[in-house]
Amino acid sequence: MPTETPRKQFQSPKKPKQSPNNVKSQSSTPSIHLSPQTPQLPLRRSSRRSLQLFTSKTVDEMLDLSTPRKALEALDGIGKCSGNNRKGSSVRTPRTLKCKFNEEDREIPEMGKVGEGNGEVSPEALESKKRKNGLSEEGSVKMGKSPKCKLNEDLGKLGEGNGDVVSPEKRKKGLRNEESVKTRKSLRCKLSEEEMEIPDLGKLGDATFFPVSPQALESKKRKKGGEKRAVTRAMATRSLKKVNKEEKKGRKRVYYKKVVYDGGEFEVGDDVYVKRREDASSDDEVPEMEECRVCFKVGRGVMIECDDCLGGFHLKCLTPPLKEVPDGDWVCGFCQARKLGKDVEFPKPPEGKKRVRTLREKLLASDLWAARIESLWKEVDGSYWFRGRWYIIPEETASGRQPHNLKRELYRTNDFADIEMESIIRQCDVMSPKEYAKANDQGDDVFLCEYEYDIQWHSFKRLAEIDNDEDGECANGDEDWNSCKEDDSDTDEDMEYEEENERNAHARPSTTHQLAANSRKGRFFGIRKVGTKMIPEHVRCHKQTELERAKATLLLATLPKSLPCRNKEMEEITTFVKGAICDDQCLGRCLYIHGVPGTGKTMSVLAVMRNIKSEVDAGSIRPYCFVEVNGLKLAAPENIYTVIYEALTGHRVSWKKALQLLNERFSDGKKIAKGDDRPCILLIDELDLLVTRNQSVLYNILDWPTKPHSKLIVIGIANTMDLPEKLLPRISSRMGIQRLCFGPYNYQQLQEIISSRLKGIDAFEKQAVEFASRKVAAISGDARRALEICRRAAEIADYNMKNQISSVNSSTVKDVVTMADVDAAIQEMFQAPHVQVMKSCSKLSKIFLTAMVYELYKTGMGETTFEKLAMTCSCLCTSNGEAFPGWDTLLKVGCKLGECRIILCEAGDRHRVQKLQLNFPSDDVAFALKDSKDLPWLAKYL
Amino acid sequence: MGREKEKEKLSEKALNLLRSRLSDPNFIFRPLSDSPDSNYSKLKFIISTSVTEACNNSILLLGPRGSGKVAVLELVLSDLLQQYPEAISVIRLNGLLHSDDNCALKEIARQLCMEHQLLFSKVASFDDNSQFMIAMLRECGLAHKTIIFVLDEFDFFAQGKQRLLYSLLDAMQSVNSQAVVIGVSCRLDVDQLLEKRVRSRFSHRKLLFLSPSKEDTERFIEHILSLPMDSSLPHNYTAEFNGRLKKLLSDERFKELIDTYLSFNFTIGHLVRFLFQAVSYMDLSAGFLSLGNFKTALSSNQRQPKLECIRDCSVLELYMMVCMKRLEVKEQASYNFYSVMTEYKSIHDSFQTSDYYAANVCLRAFEHLLQCQLISFIDNKGHNQSVEFRPVKLLISSAELHQGLKSYQQCPAILLKLMDR
């Protein structure tokens, strides 16, 4: 059963199975039959391949860097016989490596270093040649612009192949061009360490293994490799930085965004199949299209995919044959029969013909791997590599395949490897659930990936919805990748800082475990640990009802696609910001936005900033930096300097220092860091919280924009309309000029907001929405409140429905939110509960309250003392035949009522002189107590 | 002899069983929770939907003290922790302990670290902790984990700038998180205490905990006090115990007794305390609950501390209080030790009582009255003044004083006369 339900949610890609358009022809799949012929390999390769370089980036690289590692790995491979191949750079089998190693072994003594890939050229020779070439051809080679650079792989001309490698001088230019330059770091010196760690980690891997699948052995090997990687990788890269610093010479790697390799076009961000090992791929040619499971022929008519076994069937081969692909899920006859508990025999392929497995099948049987390309580069020796982020199949995770896993589900890991492009077979499509649900006939290579799997902690985490965000998320996991990015600004000024970082980084590995999670030195230590061990079942195996969908879209956290009813204001903000950015001077730009809570102030500004950012990306507006501060989230108003400075430069200093530096930057026009000439937009939410006694914080911040060359634009948001007037005149003169008011929404607007969110969901009666919006508009005009009321109403309706279904076994209950539900929600939200409490409180409390009202009517004074009240109470009691409980008890009753704030009273130890007052109008008390059953006489006194 | 001992043992066992039940909120509140209208099922629905549907909620549990807010909440939480063992982490704060925003955030960070086996640093700043909290909310949201913040004594969090609530609620609606904030308070107007921008972000689910109805109370008492048939106690003893209890419960006098008790405070917590007391008075040799037990419990509950204080006073102290009362009747608003002394002297002069003491003895009596809180200083001003010069006020009313004098055994007759005049 569980396997069936999830499919309802994610409609698996539906099949007319057509051959994917973009699949490369089979013949061109590089099959690296390595082994003894390795030296000839480059030659063979050259005859077949053309390269297309789109954008290139240069990077320093140690030539000898990967070589020793190779050798070591080979050693490792021999020694451990473990499928260490996933690790590091090579995806070759130990066998190949071994032969290669043997071959190269002979050369080691003489040269000291092992040549990479092609053992004939000594690295020194290569290196020097290349350096020469790089320098001499510097002028003539245009970086990244040469559209097609035929690679002549003749070894003699290898230098030419490196021609597009740009020398340091050029690199600087590249920097200006805002091409990110990534520094690759050498691995060398940590290798010994890595080796040392291997044995015990290997053990560890063994101990923590729990494979259940038939591929037990396979995954074991792989995991072991993975585990080792996971721990050592960070260390290795760290040490690289250091080596790199010392030996930063003219050796480079060239980075690309897109590479045409072997007829296929590969881009950063693509997902590809990666060969697992040689012998697996020798498993003959890979079919481009899946064969029919019945007739074992390819092509000829439309095929349909079974949602259970993923097998393909010709429509006409089915019994009975289908005319067209049915809607919804379809399960083949074999699977249906198997589910019923029958023994099923799949039709056997005709004699002499083996059933050919598709790449997808191989991947899901873990005979292949899939990876996502994170970066592409050309090694100094001309070979093409990419950095891949592995995907794994559910069987390979610690928890194994979970019942609600989909057939085509993959997990993205936080495991990276440098892989040669040789081993890429072709592209596949790994999609987010949303895309996956839409993908209907995109061929066989479609996979779903919703979760990231942490190979260290064996835990799952949902992928953040916006892919860009995810860099920040995984930042703490893969430092090396991050450090590459940071190195973009690898200029001389930053050197010191960087080196300092490195020292820290160097000291880090030993102390990582001691670092506290909440001491934020730029990151949260160990936050990766957070994750589920299993994907909870309720996430997948549950089909959302209309009401649940309505609830989800009404959530405040769900960002609406558009912001209705705020077009005018947004336009105004847009023109303000655009005008401020485009203006070269940016003089005295300050906007004050005010409005009651829940009128969309912050949201509108953020939406505007998003729009403008997309325009920046498109290139029509100059880049700017955007800093967002919330006054209520600062520990003290002065901390805003620290926050701004940190946002601008990434350094954290004390607020005094930050103020000084910011003053220097904005007032004196001194540059603190690179890219300072960009205009800066500062958004301060809850501006009123920044008001200090002498108002210096506000003054400073609002004074900067008036300075020439400051290029600072301040947008302040607060609730009160007259905040500028309340401030010192020198501040209000700087702030109060341009203002924008967000008025409370009226009921039509609220209605539009709600119904725009509920578009396509039939869960609300129309009057119900109108009722809610009218009510809120009359009280506050707060959109949050309106949404919450509707959500609460949906919740109430849902609650009632579920209860009725569980009690009465009928489905006559309508799952629509009615006026009654909305009314209940409004009651709950707006009505103070005191009437109900008064109705249900104890007898003495009722008498007490009545006495208070009586006293109020008698004297006309709101306030009374306990002495007077007690007298009245005893009078009431005696005249109506109730026992008077005594003063002390009465005092306790009064204090209890005071605790609930039904009355306001002083502390109980004041006793006789305690002052008391009703907290609610006396009419409420009268209404609540008038018809109390146990004390009917109370009505007389009310 | 042996049989009696055995019986005693038996009744002690029964007593222990009843006591352990009475101190177990789980047992007390379970039977009140099955109907769909109960707060238990409503609360459980709200929290479990936020777990399964990945949404944020904020709930207020309101009701007088002793109405079982926290008990029901704990019941729900323990049930949900069983249902979704991995998906929930609970952070508990108490307004009396963590009303300071800084320390509350630190405590949140500490509990989050504990929950996820992370290392916690005491020295982290407010910013660090709040960023950590937001990051954790996000990560937990991605990992399908719900964080439940239980803020007991919620009204204390709603003081000052309410940074904690703001950052919590703001994070809940901007970050993709799953969190439930549950505020527990006995103040009914607690949502009015929230600042307007905090209130706007609060999702205002309110659950009101009220006292049970009279019929419910009766059923409830029977449920708690009757012994289970399937316990280790012998069957005939249990049957007899329950039979007697039933008879007792239908007794009119018993009903009246319970009524008087509950007329003062009508909450479950209050009732349970009373039952515990009554059960503790159970006669072990008889082995059954009797009306007498409940009567003793009631009388020990209905104490009048001020009257008892008067009973413990010396005659001189009574004189002083009567003097003060007389001064009040003379509409002398404020009086100190010396004005009381003059009154005391004038009484002595006119009536020639036998109880006349020197001024220093009277001062001692005066100080004792202050300590008993039968009188108190009018204001907190003049701490450096000596006691005898500071104005004081009588804290018990004349009616109480009169009653106290009447019940005082060796009260001089003159004092009662003086009270009236």
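Which residues in α24(A) are buried? Keep that one in mind as you read; these points on the predicted model begin with its answer.

1. **Helix α24 of chain A.** The buried residues here are Val697(A), Leu698(A), Tyr699(A), Asn700(A), Ile701(A), Leu702(A) and Asp703(A). That is 7 of the 8 residues of α24(A), a helix that is mostly covered. Its cover includes the helices α22, α23 and α26 (729–735) of chain A. Strands take part too, among them β15 (589–595), β17 and β18 (712–718) of the same chain A.

2. **Helix α22 of chain A.** You have just met α22(A) as part of the cover of α24(A), and α24 (696–703) in turn helps to cover the buried residues of α22(A). Helix α22 spans residues 639–649 of chain A, and 8 of its 11 residues are buried, so it is largely enclosed by the rest of the structure. Those buried residues are Asn639(A), Ile640(A), Tyr641(A), Thr642(A), Ile644(A), Tyr645(A), Leu648(A) and Thr649(A). From chain A, their cover also includes β16 (625–630), α23 (655–666) and β17 (680–685). Chain B joins in as well, through α7 (126–142).

3. **Just after α22.** Gly650(A) follows α22(A) and has a positive phi, near 90°. In the loop between α22 and α23 of chain A you will find Arg652(A). With a relative accessible area of 41%, Arg652(A) is partly exposed. Its side chain has a polar contact of 3.0 Å with the side chain of Glu646(A). Another polar contact, of 3.4 Å, reaches across to the side chain of Asp128(B). For a sense of scale, try looking from Arg652(A) to Leu310(A): their C-alpha atoms are 54 Å apart, and 342 residues separate them in sequence.

4. **Arg791 of chain A.** Is Arg791(A) buried or exposed? Its relative accessible area is 1%, so Arg791(A) is buried. This arginine sits in helix α29 of chain A. Leaving aside residues up to four places away in sequence, Arg791(A) touches Lys551(A), Leu554(A) and Leu555(A) in chain A. On the chain B side, it touches Cys55(B), Asn56(B), Asn57(B), Ser203(B) and Arg205(B). With Asn57(B) there is a polar contact between side chains, at 3.0 Å.

5. **The second largest pocket.** Helix α29 of chain A turns up again here, as one of the elements giving two or more residues to the lining of the second largest pocket. The others are α30 (819–830) of chain A and, from chain B, α3 (39–52), β5 (205–208) and α12 (214–225). The pocket holds about 1200 Å³ of space. Its lining counts 39 residues, and those nearest the centre are Asp37(B), Ser38(B), Asn39(B), Lys42(B) and Leu208(B). Sorted by class, the lining has 19 nonpolar, 11 polar and 9 charged residues.

6. **Two serines at the start of chain B.** Ser11(B) lies in helix α1 of chain B, and it is buried, with a relative accessible area of 0%. A polar atom of the Ser11(B) side chain lies 2.7 Å from the backbone oxygen of Leu284(B). Apart from residues up to four places away in sequence, Ser11(B) touches Tyr237(B), Met282(B), Leu284(B) and Gly287(B). Ser23(B), by contrast, counts as exposed, at 53% relative accessibility. You can find Ser23(B) in the loop between α1 (2–22) and α2 (25–29) of chain B. A polar atom of its side chain lies 2.8 Å from the backbone oxygen of Arg19(B). Ser23(B) and Phe276(B) are 253 residues apart in sequence, yet their C-alpha atoms are 8.2 Å apart.

7. **An annotated span in chain B.** An unreviewed UniProt entry annotates residues 221–404 of chain B as "domain: Origin recognition complex subunit 4 C-terminal". In the model, that span is 63% helix and 3% strand. Its end C-alpha atoms lie 36 Å apart.

8. **Chain A as a whole.** How many helices and strands does chain A have? There are 36 helices and 22 strands. Of the 942 residues in chain A, 54% are buried. Among chain A contacts between residues at least 6 apart in sequence, 73% join residues at least 24 apart.

Definitions and conventions
Residues numbered from 1 in each chain as written. Chains lettered and ligands numbered in written order. Predicted model: local features only at pLDDT ≥ 70, side-chain atom pairs only at ≥ 80, totals over all residues. Heavy atoms only, no water. UniProt positions renumbered as here; feature names shortened; annotations may be inferred. Helix = DSSP H or I, 4+ residues; strand = E, 2+ residues; numbered from the N terminus. Buried < 20%, exposed > 50% of the residue type's maximum accessible area, 1.4 Å probe, protein only. Contact = heavy atoms within 4.5 Å. 1 Å grid on protein atoms, 1.4 Å probe; cavity = no way out; pocket = protein on both sides within 12 Å on 5 of 7 lines; lining within 4 Å. Points joined across faces, edges and corners; volume = space filled by probe spheres on them. Nonpolar A, V, L, I, M, F, W, Y, C, P; charged D, E, K, R; others polar. Polar contact = N/O pair within 3.5 Å; in protein donor to acceptor, adjacent residues only side chain to side chain.
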